[in-house]
Each structure stands twice: as structure tokens, then as C-alpha cells.
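User: I have a structure open and would like to go through it with you. Can we start with how the chains meet?

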Amino acid sequence: MIFLPGFKILACHHRGHGSHHHPHHGGGGGVVEKQAERREIDVGRRVLDANDQMAEANRRLFADQKVFVLNVMSSPGSGKTTTLVETIGRLQTLGIQCAVVVGDICTRNDADRLAATGVPAVQINTDQFGGDCHLTAQGILKALDDIDLDRVDLLIVENVGNLVCPAEFDIGENARVVVLSVTEGEDKPLKYPLMFRQCDVALLNKTDLLPYLDFDATTAVANIHKVHSDIPVWPLSAKTGDGFEPWIEWIRTMVQH
Amino acid sequence: MHEMGIALEVIKIAIASIPLDMKGARVAQVNLKVGKLSAVVPDSLRFCFDVAGKDTALAGAELIIEEIPVRIRCRDCQTEWRVETPAFRCRECNSGSVEIVSGRELDIRSIEIEENGI
């Protein structure tokens with residue numbers, strides 16, 4: 001603890017444009033001065049400490065249950081759900097038991113689409129908590145009430161569509177995946193560097209649309225690598241199923257470890 | 001976009017940091033470190049802090065945000081530099097094996113409590 005030397009402040013609370021209180025001398029419409037002391041107390045804590053601790057607890061739980069957890073993130077409309085429906089179908093033929101937790105502000109449309117593959121799919125609607133733009137470690141823990149982890153090898157978390165906030169919130173995952181689609185700008189990785197820096201894998205989706213767009217895939221991949229030099233980038237089309245092999249092979253390897 | 005959630009956490013931690021022997025004291029100032037690479041907009045956070053702090057021990061408190069620049073170190077040649085654009089590749093040897101030294105902070109450094117000259 002540090003004791004700051006006493007200094008004069010205004011007895012009435014005065015909030016000016018500056019960031020500090022200043023001594024005020026006379027002429028101030030009956031302002032009374034008095035001595036006050038400020039005591040500075042060291043805190044030294046991460047603001048997201050509570051979430052980080054819960055994420056670590058989730059991670060231990062997943063390790064105990066031998067469940068591999070993927071956190072899939074992207075902007076809205078990049079095709080996360082379609083990509084995951086195709087992914088889950090292929091993993092099922094390999095005998096990998098999947099479950100999904102999907103976050104949206106409203107509706108359970110995505111969970112319904114994912115549940116149609118036959119795997120457990122839990123929807124989290126963040127509007128109950130003020131329309132949060134991301135999932136939290138606590139939200140994931142709560143969603144696990146509805147999933148029997150004994151029967152799961154791979155838990156896929158489809159985060160709320162947003163390239164900013166989910167990058168900041170650890171949920172206890174083992175790997176992070178970002179989906180970028182060719183209908184977005186090539187410079188998205190430079191606009192949202194934290195997301196691309198934090199992820200372990202990038203999927204470049206909707207490649208079936210490339211003939212109709214001016215999108216320069218080489219530039220997009222180069223931009224991803226500017227932010228994160230050794231991240232694998234796999235172009236694929238969730239609509240046609242093209243290009244899924246390296247992605248599926250990567251998941252298979254990760255789940256077996 | 002999630003500044004309200006961050007502000008609520010700041011307030012929760014600040015209140016929990018008031019020493020037991022100062023129960024009921026008013027927190028006058030909260031000193032925060034925010035890295036330039038954290039997904040937080042300082043102006044928005046200040047606004048949320050003011051709104052969410054009403055009716056708490058932090059009512060009217062000032063939130064002082066120290067913005068921390070993004071610094072990167074190359075693991076291969078040990079060069080360390082400050083980045084202004086999101087290019088995470090060594091400017092000396094072009095290696096992509098770099099680590100973020102600072103810029104990810106979102107920490108409460110300290111709180112300041114008024115002791116009203118009793």
C-alpha cells in the first residue's frame with residue numbers, strides 16, 4: 001500500500017475536463033476547501049481474472065474427460081454453421097463423437113441446423129445477459145449441463161459472430177479457429193489483428209464463389225500471415241465440400257492426442 | 001462492444017479491493033492499464049464505467065486509463081520494437097517467430113480512496 005501525500009481537493013465533488021483535481025482558490029461561488037488524503041491501494045489484477053480462472057477450470061474438466069475443445073470464431077455470415085454441419089458429418093463417418101455449443105444473441109436457428117446432424121447441440125442466447133457479443137467461460141460451463149461429456153470426443157463451440165470481442169475471452173478451449181469468407185475484404189486480418197493472431201487455424205470459406213468475385217485469395221492469405229506467420233490457412237467451400245481434407249485431418253490428429 | 005461487461009468487472013474488483021478497515025469508503029479513482037491490442041475502446045469504457053458505477057462505492061469516481069503500446073520481440077534475433085500497424089514480422093530479419101511483449105494488458109493497477117481528513 002502507498003500513502004500519497006495529502007493534497008487539497010474541492011470539498012464538493014467537481015469533475016472538470018482534466019483528469020485530476022486541482023486546488024481551487026477563491027471566487028468559486030462558496031466553494032469550501034478542506035484537507036483530504038488519498039490512499040492508493042495496489043490491485044494488480046487482470047480485469048478478466050474471473051473469466052480466466054473459470055476458463056482454466058473448464059480446461060481441466062475437458063482434460064479429465066478427454067474432450068478436445070475447438071472455439072470457432074468469425075464475423076457474422078462467414079458460413080460458420082454450414083462449415084460445421086459439413087465438418088460434423090465427415091467426423092461422424094470417422095467415428096469421432098461430437099457435440100456443439102453455439103452462441104448467438106437471439107434465436108436457436110443455428111442449434112437446430114447443427115442438431116439435424118444428430119449430435120447434441122446446445123444454444124446459448126446471450127440476450128439474457130445483455131446481448132453479449134461473445135461467449136464466456138461461465139456460459140460454456142452452464143451449457144455443459146445438457147451434454148454428456150462421457151460420450152464426446154470433440155466439443156465444438158461456435159462463438160457469436162464477431163471478430164472483436166470473442167478474441168478477448170478464454171472459454172477453456174484447446175484450439176481456436178477463425179473462418180474468413182471470400183465475400184469479405186482481403187484486409188480483414190489487418191483490421192482485426194487480435195483475432196487472427198490468437199487463432200491456431202484459419203479457414204477461407206466460400207471458395208465456390210471465387211469466379212464471381214474480385215476477391216484476391218493470395219492477398220488475403222498474405223495478410224493473415226502478416227499478422228500470424230505460421231498459422232495454417234485452408235481454403236474450402238462448405239457448400240460444395242471442396243477442400244475439407246486438411247481441416248478434417250487436422251481435427252482427427254488433434255482429437256487423437 | 002463488450003465494454004459494459006468490462007466496466008462491471010472493473011467495479012466488482014475495485015469494490016473487493018477496498019480494505020476491510022475502510023468499509024464504506026468512497027473510491028475516487030481507478031487506475032487501469034489497457035493495451036492497444038486489447039479489444040477495448042477507452043472512451044466507451046469510461047462511459048460504461050460512469051453509468052454502471054452509480055449507486056456503488058465508485059459513484060463519481062474517475063477512471064484513468066493508461067494506454068500501453070504494442071511491443072514485439074523477435075525470438076530469432078531478439079530485436080524488440082514498437083508496432084503501429086498490425087504486422088507481426090521482424091523488421092530486422094523478417095522472421096515470423098515473434099512474441100508480444102506488451103499491448104495485451106487489461107489490468108487494474110490500483111484504486112485511490114479518499115480519506116476525508118477525519
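**Where the chains meet**

User: How many residues does the contact take from chain A and from chain B?
Analyst: The contact takes 42 residues from chain A and 44 residues from chain B. Keep in mind that this is a predicted model.

User: What area do they bury between them?
Analyst: Chain A and chain B bury about 3,700 Å², with 53% of it on carbon and sulfur atoms. On the chain A side, A:Arg38, A:Arg39 and A:Val47 lose the most area to chain B, and together they make up 19% of what that side buries.

User: Why quote an area for an interface?
Analyst: The accessible area lost when the parts come together is often used to give the size of an interface.

User: OK. How many salt bridges are there between chain A and chain B?
Analyst: The count is three. One of the salt bridges between the chains joins B:Arg109 and A:Glu40, with the closest N and O atoms 3.9 Å apart. The rule also finds 15 residue pairs in polar contact across this interface, both residues being at pLDDT 80 or more.

User: Which elements of chain A give two or more residues to that side?
Analyst: They are β3 (33–46), α6 and α7 (217–227). β3(A) provides the largest share, 13 residues. By class, the side of chain A that touches chain B has 18 nonpolar, 12 polar and 12 charged residues.

User: New topic: pockets. What is the volume of the second largest one?
Analyst: The second largest pocket has about 350 Å³. Its lining has 21 residues, and A:Pro193, A:Leu194, B:Lys36, B:Leu37 and B:Val70 lie nearest the centre.

User: Which element gives the most to that lining?
Analyst: α6(A) does, with three residues. At least two residues each come from α5 (188–191) and α6 (193–198) of chain A and from β4 (80–83) of chain B.

User: And what is the lining like by class?
Analyst: The lining of this pocket has 15 nonpolar, two polar and four charged residues.

Definitions and conventions: Residues are numbered from 1 along each chain as its sequence is written. Chains are lettered from A and ligands numbered from 1 in the order in which they are written. This is a predicted model: local features need pLDDT of at least 70, side-chain atom pairs count only at pLDDT 80 or more; totals for chains, interfaces and linings use all residues. Side-chain values use heavy atoms; hydrogens and water are left out. On a 1 Å grid over the protein atoms alone, a cavity is a set of points where a 1.4 Å probe fits but cannot get out, and a pocket is an open set with protein on both sides within 12 Å along at least five of seven lines; lining residues have an atom within 4 Å of a point. Grid points are joined across faces, edges and corners, and a volume is the space filled by probe spheres set on the points. Helices (H or I, at least four residues) and strands (E, at least two) are DSSP runs, numbered from the N terminus. Ala, Val, Leu, Ile, Met, Phe, Trp, Tyr, Cys and Pro count as nonpolar, Asp, Glu, Lys and Arg as charged, and the others, Gly among them, as polar. Contact means heavy atoms within 4.5 Å. Buried area is the accessible area (1.4 Å probe) that two parts lose on being put together, summed over both. A salt bridge is a side-chain nitrogen of Lys or Arg within 4 Å of a carboxyl oxygen of Asp or Glu. A polar contact is a pair of N or O atoms within 3.5 Å; within protein, one must be able to donate a hydrogen and the other to accept it, and residues adjacent in sequence count only if both atoms are side-chain atoms.
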